[in-house]
Amino acid sequence: MAFVINPPPQAAVPVVGEAGLFPVRRIFCVARNYAAHAREMGHDPQREPPFFFTKPADAVFATGPDATWPYPCASQDVHHEFELVVALGAGGRDLDTARARDCVWGYAAGLDMTRRDLQAEAKQKGRPWDVAKAFDRAAPIGPITPKAKTGWLDSGSITLRIDGEVRQQGELSDMIWSIPDIIVALSGLFELKPGDLIFTGTPEGVGPVRPGQRLEGVIDGLEPLRLEVAG
Ligand code: MN
C-alpha cells in the first residue's frame with residue numbers, strides 16, 4: 001500500500017525469550033483500581049468504582065538498565081504510578097469471564113506516568129485527562145513475559161523503588177476489579193483486539209519523580225522495569 005507521507009513505525013514492546021516484538025494497538029488504563037490509592041487521591045472506593053482512560057500506542061517507552069527517560073515538558077509535578085500491564089493476544093466484544101481470560105497473552109511491569117499538576121487542573125475544570133496522561137513517552141514498560149511462562153497472574157507483590165527506597169508496595173490480589181473483570185468491562189465499551197495493552201491501576205504511594213532518579217519496579221514473576229529520569 002502506498003502512503004502520501006511515511007507511515008509511523010509500529011509501536012512495539014520486547015518479549016522475554018523471543019526475538020519478535022509484541023505490536024501495540026491501543027493502551028487502556030484503569031483508574032482507582034486499588035482502594036488505598038483511591039483514598040490517597042481523595043476518593044471513596046465504595047462509592048466510585050474504577051473507570052478507564054487511554055494513552056496512544058506510541059506512548060510506550062522501552063525500559064532497561066541503560067534506559068534514560070526524558071523529564072516531560074509542561075509540568076513541574078510528574079508522578080509515578082507503577083502498574084501490572086496485561087497484553088492481549090485476542091479480543092472481542094461483550095466477553096464473558098472465560099473468554100476474557102483467554103484474551104490474555106502476557107504480562108509486563110509498567111509505569112502510568114502522570115503530569116499531576118495538569119491532571120489537577122483538568123479535574124477542577126471538568127476537562128479530559130489527555131494532557132495529564134497521554135503525553136509522549138507516558139507509558140514506560142518492561143519486557144512482556146508470555147502467559148505461557150508465568151501462568152495466570154492474580155497474586156503476588158508489586159513494588160516500586162526510587163534510588164533503592166520503597167515508594168509503592170501492594171498486592172495484585174488487592175485490585176478492586178480483577179484482570180477478567182477489567183477485560184469484561186472494557187469489552188462492553190470497545191471491541192478489544194490483539195495488541196491491546198491494559199494498565200491495571202496503581203497501588204498506594206504515588207508521588208513525584210525528579211531528574212537523576214533511578215526507578216526500579218518489580219512484580220513477582222516478571223522482568224523488572226528499570227529507568228533513569230534524565231537530568
Ligand atoms: Mn494509573
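A polar contact is a pair of N or O atoms within 3.5 Å, where, within protein, one must be able to donate a hydrogen and the other to accept it. With that in hand, let us walk through some close-up views of this predicted model.

**View 1. Thr202 and its polar partners.** Here we look at Thr202, found in the loop that runs between strand S15 (197-199) and strand S16 (207-208). Thr202 counts as buried because its relative accessibility is 1%, and the cut-off for buried is under 20%. A polar atom of the Thr202 side chain lies 3.0 Å from the backbone oxygen of Phe82. The side chain of Thr202 also meets the side chain of Gln168 in a polar contact of 2.8 Å. Setting aside neighbours within four places in sequence, the residues in contact with Thr202 are Tyr34, His37, Glu81, Phe82, Glu83 and Gln168.

**View 2. The manganese ion and its protein donors.** Two of the residues in contact with Thr202, Glu81 and Glu83, return in this view as donors of the manganese ion. Together with Asp112, they place their donor atoms 2.1 to 2.2 Å from the ion: OE for Glu81 and Glu83, and OD for Asp112. Along the chain, the donors follow the spacing E-x1-E-x28-D. Are Glu81 and Glu83 buried or exposed? Both are buried.

**View 3. Strand S9 and its two partners.** Strand S9 spans residues 104-111, and seven of its eight residues are buried, leaving the strand mostly covered. S9 pairs with strand S8 (residues 82-88) in the antiparallel sense, over seven bridges. Phe82, whose backbone oxygen featured in the Thr202 view, stands opposite Leu111 of S9. S9 also runs antiparallel to strand S12 (residues 145-146), with two bridges joining them. One residue to look for is Tyr107, whose bridge partner in S12 is Thr145.

**View 4. An open sheet of three strands.** The strand order in this sheet is S10-S7-S16, and the pairing is antiparallel. Strand S10 (114-115) and S16 stand at the edges with a single partner strand each, so one side of each is left without a neighbour in the sheet. Strand S7 (residues 78-80) is joined to S16 by two bridges, and His80 can be found opposite Gly207 in S16.

**View 5. The cavity and its lining.** How many cavities of 30 Å³ or more does the structure hold? There is one, and the volume of the largest cavity is about 110 Å³. Its lining is made by 17 residues, with Ala31, Arg32, His37, Glu81 and Lys133 lying nearest the centre. Strand S3 (27-31), strand S4 (51-55) and helix H3 (116-125) are the elements that give two or more residues to this lining. H3 supplies the largest share, three residues. Glu81 is a familiar name here, being also a donor of the manganese ion.

**View 6. Strand S13 between bridge partners.** Strand S13 covers residues 157-162, and five of its six residues are buried, so the strand is largely enclosed by the rest of the structure. Six bridges join S13 to strand S14 (residues 165-171), and the two run antiparallel; Thr159, for example, has Gln169 in S14 as its bridge partner. S13 and S14 form a hairpin with two residues between them, and Asp163 in the turn has a positive phi of about 50°. S13 also pairs with strand S17 (residues 214-219) in the antiparallel sense, over five bridges. In that pairing, Ile158 has Ile219 as its bridge partner.

Note on methods
Residues are numbered from 1 along each chain as its sequence is written. This is a predicted model: local features need pLDDT of at least 70, side-chain atom pairs count only at pLDDT 80 or more; totals for chains, interfaces and linings use all residues. Side-chain values use heavy atoms; hydrogens and water are left out. Helices (H or I, at least four residues) and strands (E, at least two) are DSSP runs, numbered from the N terminus. Buried means under 20% relative accessible area, exposed over 50%, partly exposed in between (1.4 Å probe, protein chains only). Contact means heavy atoms within 4.5 Å. Donors are N, O and S atoms within 2.8 Å of the metal (3.2 Å for Na, K and Ca); water is not among the atoms, so sites may look incomplete. Two strands pair if DSSP finds at least two bridges between them. On a 1 Å grid over the protein atoms alone, a cavity is a set of points where a 1.4 Å probe fits but cannot get out, and a pocket is an open set with protein on both sides within 12 Å along at least five of seven lines; lining residues have an atom within 4 Å of a point. Grid points are joined across faces, edges and corners, and a volume is the space filled by probe spheres set on the points.
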